[in-house]
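Colleague: I am new to this structure, and before I accept any of the terms used for it I would like to hear the reasoning behind each one. Could we go through them in turn?

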There are 2 protein chains.
Amino acid sequence: MASPVVGLLHPGEMGHTVGACAVAAGARVLWASEGRSEASRARAESAGLEDAGDVSALAGQCEWLVSVCPPHAAVETARLAIEHGFRGRYIDANAVSPATARAIESEVESAGASFVDGGIIGLPARVAGTTRLYLSGAAADEAAALFAAPLEAIAIKGGAGAASALKMSFAAWTKGTSALLMAIRALATSEGVDDALLAEWARSIPDLPGRSTGVMHATVPKAWRFVAEMHEISATFKDAGLPAGFHASAAEVYERLAKYKDAPQPPLPAEVLAALLRG
Amino acid sequence: MASPVVGLLHPGEMGHTVGACAVAAGARVLWASEGRSEASRARAESAGLEDAGDVSALAGQCEWLVSVCPPHAAVETARLAIEHGFRGRYIDANAVSPATARAIESEVESAGASFVDGGIIGLPARVAGTTRLYLSGAAADEAAALFAAPLEAIAIKGGAGAASALKMSFAAWTKGTSALLMAIRALATSEGVDDALLAEWARSIPDLPGRSTGVMHATVPKAWRFVAEMHEISATFKDAGLPAGFHASAAEVYERLAKYKDAPQPPLPAEVLAALLRG
């Protein structure tokens, strides 16, 4: 059996490790360097990806195309692939709502390609046990077979939308509570009771003082790309008839921190809290 | 020095243990049985409280009055005490926003009484280490001296509003995340990925499967009185210029569960999730 040919849009922090895990499983993995950064090229090379040049060349050569991008770019990325002639099997592995996943499915299938829904949970896949790629839809099992360790690719039941729903549900907790925790620290600071809150937490919920500071270090540099993800989660709740405000507010928290995207130094906690309070 | 005379409105689940801790500190503690339930009477007796009869008699005899009631009743309870002639020192120990606390302060002080802000964190005070009564305002230290173990009464700096802000910040996490967790389980159920979510959590956040079920048992019977508290927290965030949607949505979650207030049996998890999804 010939090696499958897999295209990757794009080799970012997470994406290039997903590509490397397809290489590890025996696939030829291509990417398209046109218009991408030097950092992307370095990541692609480290992952053993071949440069197809541009998206047209990529779309023409690949049986599979895997999209790993910030959620606000997911629909556009699928359209671009279709416009450049891709008619194979398209895996959207992004943090989008089930409705967005189904909308992408619809566009992809209208054009004569087929669709697999995906959702990645965990860190960039560098060591075993840290990263799952959930997949759902008709070709989910075949898609799962494209990847090897350290990534675990897991097909789940349910059609297009199930893998995205799982990702949304998971991130609703992790990124939702991170935003809430930072907002609470900002509230306590603005009311002059931050020290008293930390002292009370130290007694009754002892992991929270450290966690509430740690979360600032961990999420602030990535806040810019969490904004759209929170909106996708909020829409997922709304579509299910559940309250959408938790993640609408989480989006607002990350929006206020989005300016730290390219900060040379991560801001100190006091600056993060002030940025949240300035609105 | 004569024993201080402390009035308690009202000896509920939490309140009667607060009263018992004032008795333990040497105070005479009075309550007003008029219009209250048999359960209140039983609690008051178990706590060693004396029945003053009605609120007028209570207001006339007490130097201090402590209000421990559901947050939606906090303003009304203060007004009632004032209307019945109370002119001593009024401790509002309820889960209200700093703005609500200051509004109560204003009404109390306009009438010639004085005000101490309070906020209770923890369980009813039956054993050491479980319950703190935070106090702020001019007479916070004197107020703290009214109570003995197992309640810890802690004066914090800041005027009226600080103790309430601390309570709001604390409950913003505990009750906010409980509501979020139930909403996430409802979402996953509605999308058919609840089993997959529990399996993923079991690997990556191993306390969440049990916690997400435990929280249904723990909070559903009390949901009816969390609704107003979530609105108070939401208002606290809004007043500080922070996103108010986390707790507006938490209020909606508890609102959907408020009907279980007097349920003879707590509902099973599947019924809780269905109630959340029915809206």
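**Reasons behind the terms**

Modeller: Let us begin with helix 1 of chain A, whose buried residues pack against strand 1, strand 2, helix 2, strand 4 (64-67) and strand 7 (131-136) of chain A. Please keep in mind throughout that this is a predicted model.

Colleague: What makes helix 1 of chain A mostly covered?

Modeller: A residue is called buried if 20 or more other C-beta atoms lie within 10 Å of its own, and in helix 1 of chain A eight of the ten residues are buried. Those residues are A:Gly15, A:His16, A:Thr17, A:Val18, A:Gly19, A:Ala20, A:Cys21 and A:Ala22. After the helix comes A:Gly26, which has a positive phi, near 105°.

Colleague: Why is A:Gly60 called partly exposed?

Modeller: A:Gly60, found in helix 3 (residues 55-61) of chain A, has 14 other C-beta atoms within 10 Å. A residue is buried at 20 or more such atoms and exposed at 12 or fewer, with partly exposed in between, and therefore A:Gly60, with 14, is partly exposed.

Colleague: How do you know that strand 1 of chain A and strand 2 of chain A pair?

Modeller: Two strands pair if at least two bridges are found between them, and strand 1 (residues 5-9) and strand 2 (residues 28-31) of chain A have three bridges, in the parallel sense. A:Val6 stands opposite A:Val29 in strand 2 of chain A. Between these strands the chain passes through helix 1 (residues 15-24) of chain A, and the resulting β-α-β crossover is right-handed.

Colleague: How many bridges join strand 2 of chain A to strand 3 of chain A?

Modeller: Two bridges join strand 2 of chain A to strand 3 (residues 50-51) of chain A, and these strands run parallel; since pairing asks for at least two bridges, they count as paired because that requirement is met. Here A:Leu30 stands opposite A:Glu50. With helix 2 (residues 38-46) of chain A, strands 2 and 3 of chain A make a right-handed β-α-β unit.

Colleague: Turning to chain B, why do strand 3 and strand 8 of chain B stand at the edges of the sheet?

Modeller: The open sheet of chain B has eight strands in the order 3-2-1-4-5-6-7-8, with mixed pairing. Strand 3 (50-51) and strand 8 (152-155) of chain B each have a single partner strand, so one side of each is left without a neighbour in the sheet. Strand 8 of chain B runs parallel to strand 7 (residues 131-136) of chain B and is joined to strand 7 by four bridges, and in strand 8 B:Glu152 is the bridge partner of B:Arg132.

Colleague: Which peptide bonds are cis, and what is omega there?

Modeller: A cis peptide bond joins A:Leu9 and A:His10, with omega about 5°, and A:His10 is in the loop between strand 1 and helix 1 of chain A. In chain B, a cis peptide bond with omega about 5° joins B:Ala149 and B:Pro150, and B:Pro150 lies in the loop between helix 6 (140-144) and strand 8 of chain B.

Colleague: Which domains does the assignment give for chain A, and how many residues are in contact between them?

Modeller: The domain assignment gives domain 1 (5-160) and domain 2 (166-278) of chain A. Their centres, taken over C-alpha atoms, are separated by 29 Å, and 13 residues of domain 1 are in contact with twelve residues of domain 2. Helix 5 of chain A gives the most to the side of domain 1 that touches domain 2, with three residues. By class, that side of domain 1 of chain A has nine nonpolar, four polar and no charged residues.

Colleague: How do you know that the two copies are related as by a two-fold rotation axis?

Modeller: Chain B is superposed on chain A by a rotation of 180° with 0.0 Å of shift along its axis, at an RMSD of 0.0 Å. The copies are thus related as by a two-fold rotation axis.

Colleague: And what makes you say that the copies meet through the same surface?

Modeller: Of the interface residues of chain B, 98% are also interface residues in chain A, so the copies meet through the same surface. In the contact, 45 residues of chain B meet 45 residues of chain A. Helix 7 of chain B gives the most to the side of chain B that touches chain A, with 16 residues, and the residues of that side divide into 28 nonpolar, 13 polar and four charged.

Methods:
Residues are numbered from 1 along each chain as its sequence is written. Chains are lettered from A and ligands numbered from 1 in the order in which they are written. This is a predicted model: local features need pLDDT of at least 70, side-chain atom pairs count only at pLDDT 80 or more; totals for chains, interfaces and linings use all residues. A crossover is right-handed if, with the strands pointing away from the viewer, the path from the first strand over the helix to the second runs clockwise. Copies are superposed by least squares on the C-alpha atoms of residues with pLDDT of at least 70 in both. Two residues are in contact if their C-beta atoms, placed from the backbone, lie within 7 Å. Domain bounds come from an automatic or database domain assignment. Ala, Val, Leu, Ile, Met, Phe, Trp, Tyr, Cys and Pro count as nonpolar, Asp, Glu, Lys and Arg as charged, and the others, Gly among them, as polar.
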